[in-house]
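User: I'm new to reading protein structures. Could you walk me through one, feature by feature?

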Amino acid sequence: MSSNPSIDFLEMLKAGASKGQAAGSATRASNRANSTNGSSKALEKATPEVKDKLQNKNCKGLSPKTSKSAIGSRFAVIDTETNWRDQVMSIGVAIADATTFKCTDCLYYIIDPEYRSGGMYSGVLHYHVKRNICEAPLNYRESGKPSSEELLLSTEEHVASRKEALQAIKSYLQELGISSIYAYNGKFDLGHLPELGGFEWYDIMRLAAYKQYNRAIDDSLPCCKTGRLKSNYGVEPITRMLSGDMRYCEVHNAVYDAVDELRIIELLGRSLEEYEVAKIN
């Protein structure tokens, strides 16, 4: 039989391709085997903690942002006050227990030189220093734990540069293992404190101003289709609504306001997991 050069050439190409595919398959199989052997050896030598991570690295469970364990045992509430130039002139921080929502510590920084420009609430920058210690309740003597009021009155007032203050706050939160920050109208505070953008921020107002989360919002109050109150949903009216105390007035001192915003979280009675809808970064 006479041979056809064109057909012979095609057969040769097919044979070469088959050999290449077979070789590629063998190589991939070898690589998978080596990878599996390597992983097995690594798993054998690993510590129990690393073993757990290796064994579960492909498991899909709850996101760390929504899991209970990720919330931690503490969180922070932050409030800022600004000067006439819209620069931060004071920062107040309330540290809270993630289970009880009770305040456990406070931080207060007055920012120098920004505070020297003056602002609408410059008159209350030193509010807690001016107050008489006798005004504070004496719960500490009875329970062994200081009340929020006593914590506020004992909070040291620090005057520092913006850089120094934010570094101190950041370091303290990290030392306590805090990864989440809550604020009322949180976009304002986060926008003025981008240095703390590495923490997870949540807007308290996102729950407090909405009928589906705030049981104290009466049916007679005008709301948007989203459930949000059409007006009067600042810290002061919401605190009055939740507490029933019509005499409450917002101080506009950063650390006092931070504690009051924490109180709103407590009065709302919503779990921290529910604040996922309020995450702003």
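User: Let's start with the cysteines: how many disulfides are there?

Analyst: The general idea is that a disulfide is a covalent bond between the sulfur atoms of two cysteines. Keep in mind that we're looking at a predicted model. Here the count comes to zero disulfides. Take C106: the nearest cysteine sulfur belongs to C103 and sits 3.7 Å away, while the cut-off for a disulfide is 2.5 Å, so C106 is in no disulfide.

User: And what about C223, how far is its sulfur from the closest cysteine sulfur?

Analyst: That distance is 7.3 Å, to the sulfur of C224, which is too far for a bond.

User: Are those two cysteines, C106 and C223, buried or exposed, or something in between?

Analyst: To call a residue buried, you want its relative accessible area to be under 20%. C106 has 7%, so C106 is buried. C223 comes out at 22%, so C223 is partly exposed.

User: Zooming out, what does the whole chain look like?

Analyst: You'll find 11 helices and six strands in the chain. Of its 281 residues, 36% count as buried. The chain exposes about 16600 Å², and carbon and sulfur atoms supply 52% of that. You can also ask how contacts link up the sequence: among those between residues at least 6 apart, 62% join residues at least 24 apart.

User: Let me try a helix. How do I check whether the length of α7 makes sense?

Analyst: Work out an expected span from the rise of 1.5 Å a residue, then compare that with the ends. Helix α7 covers residues 162-175, 14 residues in total, and should span 20 Å. Its end C-alpha atoms are 20 Å apart, so the two agree.

User: Which residues of α7 are buried?

Analyst: They are A165, L166, I169 and L173. These cover an arc of only 90° around the axis, so they sit on the same side of α7. The face turned away from that buried side carries the exposed residues K163, E164 and E175.

User: What do the buried residues of α7 pack against?

Analyst: Strands: β1 (74-82), β2 (88-97), β3 (103-111), β4 (157-160) and β5 (180-183). After the helix comes G177, whose phi is positive, near 75°.

User: Does α10 work in a similar way, and which of its residues are buried?

Analyst: Try the steps again. In α10 the buried residues are V235, I238, T239 and L242. Looking down the axis, they fall within an arc of 100°, so they line one face of the helix. Their cover includes α9 and α11 (254-268). Just after α10, G244 has a positive phi of about 80°.

User: How do I read a single residue, say H192? Where does it lie?

Analyst: Start with its place, then its exposure, then its partners. H192 lies in helix α8 (residues 186-192). With a relative accessible area of 15%, H192 is buried. Its side chain makes a polar contact with the side chain of D86, at 2.9 Å. Leaving out neighbours within four places in sequence, H192 is in contact with T82, D86, V88 and R162.

User: And where is Y233?

Analyst: Y233 lies in the loop between α9 (205-208) and α10 (235-243). Its relative accessible area is 22%, so Y233 is partly exposed. Y233 and A208 are 25 residues apart in sequence, yet their C-alpha atoms are 7.7 Å apart in space. Not counting residues up to four places away in sequence, Y233 touches Y184, M205, A209, R228 and I238.

Conventions
Residues are numbered from 1 along each chain as its sequence is written. This is a predicted model: local features need pLDDT of at least 70, side-chain atom pairs count only at pLDDT 80 or more; totals for chains, interfaces and linings use all residues. Side-chain values use heavy atoms; hydrogens and water are left out. Buried means under 20% relative accessible area, exposed over 50%, partly exposed in between (1.4 Å probe, protein chains only). Helices (H or I, at least four residues) and strands (E, at least two) are DSSP runs, numbered from the N terminus. A polar contact is a pair of N or O atoms within 3.5 Å; within protein, one must be able to donate a hydrogen and the other to accept it, and residues adjacent in sequence count only if both atoms are side-chain atoms. Contact means heavy atoms within 4.5 Å. Accessible areas come from the Shrake-Rupley method with a 1.4 Å probe; for residues, only the protein chains shown count as cover. The expected span of a helix is 1.5 Å times one less than its number of residues. The arc is that of the directions from the helix axis to the C-beta atoms.
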